[in-house]
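Could you walk me through this model stop by stop, telling me what to select next and what I will find there? Gladly: open your viewer and follow along.

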Amino acid sequence: MAKLKLGAIEDDKPIKITHELPASVHRDLVAYAQILAQETAHPIGDPAKLIAPMLARFMAADRSFRKARRARQRPIEGEE
């Protein structure tokens, strides 16, 4: 079986966001949830719970985003 990039879903305080997905993306999300449930032996009640960890993993893997974020967080010389 393929090793998925997403692991077990952690419980965290959610922030509600409403967004429409294309039907094809929703079908893939449902399929991903089913495969992940088989791999981890933890059923995924709502495939939408995968969206946040997927986005987090995507952003964590984006080197340009991490670099730009670090640059924005550094204090500007002379300002503290």
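Begin by selecting Glu39, a residue of helix H1. Bear in mind as you look around that this is a predicted model. Is Glu39 buried or exposed, or in between? Glu39 has a relative accessible area of 29%, so it counts as partly exposed. Now add Lys3 to the selection: Glu39 and Lys3 are 36 residues apart along the chain, and their C-alpha atoms are separated by 8.3 Å.

**Zoom out to the whole chain**

Show the cartoon for the entire chain. Three helices and zero strands are there to be seen, and from the N terminus on the order of elements reads α-α-α. What does the C-alpha trace span along its principal axes? The answer is about 55 × 30 × 25 Å. The radius of gyration of the chain is 17 Å, whereas a compact globule of 80 residues would come out near 12 Å.

Switch on a surface next. About 7500 Å² of the chain is exposed, with carbon and sulfur atoms supplying 55% of that area. Of the 80 residues, 10% count as buried. If you prefer a contact map, look at the pairs with a separation of 6 or more: 54% of those contacts in the chain are accounted for by residues 24 or more positions apart.

**Into the core**

Select Leu4, Leu6, Leu29, Ala33, Leu36 and Leu50 and draw their side chains. These six residues make up the largest nonpolar core of the chain. In soluble globular proteins, nonpolar side chains tend to be buried together.

Stay with Leu50 for a moment. Which residues does Leu50 touch, not counting those up to four places away in sequence? The list holds Leu6, Ile9, Leu29, Tyr32, Ala33, Leu36 and Ile44. Among these partners, Leu6, Leu29, Ala33 and Leu36 are also members of the core you just drew.

**The loop between H1 and H2**

Move on to Ala41, which sits in the loop between H1 and H2. Check its backbone torsions: Ala41 is not a glycine, yet its phi is positive, at about 60 degrees. Ala41 has a relative accessibility of 63% and therefore counts as exposed.

Gly45 is another stop in the loop between H1 and H2. With a relative accessibility of 79%, Gly45 also counts as exposed. Put a distance label between the C-alpha atoms of Gly45 and Ala33: they are separated by 8.6 Å, with the two positions 12 residues apart in chain numbering. Ala33 is one of the core residues from the previous stop.

**The start of helix H1**

Select Ala23, which lies in helix H1, a helix that covers residues 23-40. Ala23 is partly exposed because its relative accessible area is 48%, and the bounds for that class are 20% and 50%. Draw a line from Ala23 to Asp12: these residues are 11 apart along the chain, and their C-alpha atoms are separated by 27 Å.

Then pick Leu21, in the segment before helix H1. Leu21 is partly exposed too, at 37% relative accessibility. What is Leu21 in contact with, leaving aside its neighbours within four places in sequence? Its contacts are Leu29 and Ile51. For one more distance, take Leu21 and Pro53, which are 32 residues apart along the chain and whose C-alpha atoms are separated by 16 Å.

**Last stop: a nonpolar patch**

Follow the contact from Leu21 over to Ile51. Ile51 belongs to helix H2 and is partly exposed, with a relative accessible area of 31%. Patch members need over 30% relative accessible area, so Ile51 at 31% passes that cut-off.

Finally, colour Leu21, Val25, Ile51, Leu55, Phe58, Met59 and Phe65 on the surface. Together they form a nonpolar patch with about 600 Å² of accessible area. Which element gives the largest share of the patch? Helix H2, residues 51-61, does, with four residues.

Conventions. Residues numbered from 1 in each chain as written. Predicted model: local features only at pLDDT ≥ 70, side-chain atom pairs only at ≥ 80, totals over all residues. Heavy atoms only, no water. Patch = residues over 30% accessible without salt bridge, like charges linked within 9 Å, V, L, I, M, F, W, Y side chains within 5 Å. Areas by Shrake-Rupley, 256 points an atom, 1.4 Å probe, with all protein chains shown as cover. Salt bridge = Lys/Arg side-chain N within 4 Å of Asp/Glu carboxyl O. Helix = DSSP H or I, 4+ residues; strand = E, 2+ residues; numbered from the N terminus. Buried < 20%, exposed > 50% of the residue type's maximum accessible area, 1.4 Å probe, protein only. Rg over C-alpha atoms; globule rule 2.2 N^0.38 Å. Contact = heavy atoms within 4.5 Å. Core = buried A, V, L, I, M, F, W, Y, C linked by side-chain atoms within 4.5 Å.
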